[in-house]
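Here is a short report on a predicted model. Read it with the structure open.

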Amino acid sequence: MAQLVGIPELSFDENDCICLEFDDTACTLVADIDADRLLLHTELARLSDFLDQAGICRALLGMNAELEFADGVAAMATDRDSDSIALCAVIRPLCAPQADLLEAIMIRFLELAADVQLRLKQLPTAPVAPQDFTGPGPGLRV
């Protein structure tokens with residue numbers, strides 16, 4: 001995998017993961033050897049940042065229907081426990097991508113991530129609560 005990514009000293013950790021960052025987009029690659037697949041994952045937003053939780057879930061389902069990822073399967077996912085909205089993709093078989101194909105897959109995955117982030121920014125967000133400086137402890141309002 002390291003040779004395909006173009007970083008020879010890169011290796012999977014004890015959890016079969018590689019974490020990379022491309023233009024401020026953190027991406028995790030996971031080798032699922034038992035299922036012979038490569039998983040791509042990037043967190044895009046906090047679920048709690050959105051005003052209408054049911055609405056955001058409907059919007060994500062709509063986005064899922066429009067995702068195009070020819071070299072595998074891509075989907076939006078939410079995780080309430082970690083308060084995240086993520087883009088995930090599965091590429092099978094694990095060792096199939098050649099260097100140029102893996103590069104194209106990663107570029108397409110990052111394009112999808114950027115597109116979804118733009119679309120998420122158009123959805124209504126929850127108002128940010130103003131900081132309360134009236135309680136005990138350090139605080140300064142200027």
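## The sheet

Two strands count as paired if DSSP finds at least two bridges between them. On that basis, five strands form an open sheet. Their order is 1-2-3-5-4, and the pairing is antiparallel. Strand 1 (17-22) and strand 4 (73-79) are the edges. Each has a single partner strand, so one side of each lacks a neighbour in the sheet. On average, neighbouring strands are turned by 25 degrees against each other, direction ignored.

## Strand 5 and its partners

Strand 5 covers residues 84-91 and runs antiparallel to strand 3, residues 37-46. Eight bridges join strand 3 to strand 5. In one of these pairings, L38 has I91 of strand 5 as its bridge partner.

Helix 2 (residues 53-66) packs on the sheet. The helix touches strand 4 and strand 5. Its direction makes about 170 degrees with that of strand 4.

Strand 4 also runs antiparallel to strand 5, and seven bridges join them. T78 has I85 in strand 5 as its bridge partner. The hairpin of strand 4 and strand 5 has four residues between the strands. In this hairpin, D83 takes a positive phi near 55 degrees.

## E21 on strand 1

Is E21 buried or exposed? Its relative accessibility is 55%. The cut-off for exposed is over 50%, so E21 counts as exposed. E21 lies in strand 1.

How far apart are E21 and T42 in sequence and in space? They are 21 residues apart in sequence. From C-alpha to C-alpha, E21 and T42 are 9.7 Å apart.

Technical notes:
Residues are numbered from 1 along each chain as its sequence is written. This is a predicted model: local features need pLDDT of at least 70, side-chain atom pairs count only at pLDDT 80 or more; totals for chains, interfaces and linings use all residues. Side-chain values use heavy atoms; hydrogens and water are left out. Helices (H or I, at least four residues) and strands (E, at least two) are DSSP runs, numbered from the N terminus. Axes are lines fitted to C-alpha atoms, for helices over the stretch in contact, and angles run from 0 to 180 degrees between N-to-C directions. Contact means heavy atoms within 4.5 Å. Buried means under 20% relative accessible area, exposed over 50%, partly exposed in between (1.4 Å probe, protein chains only).
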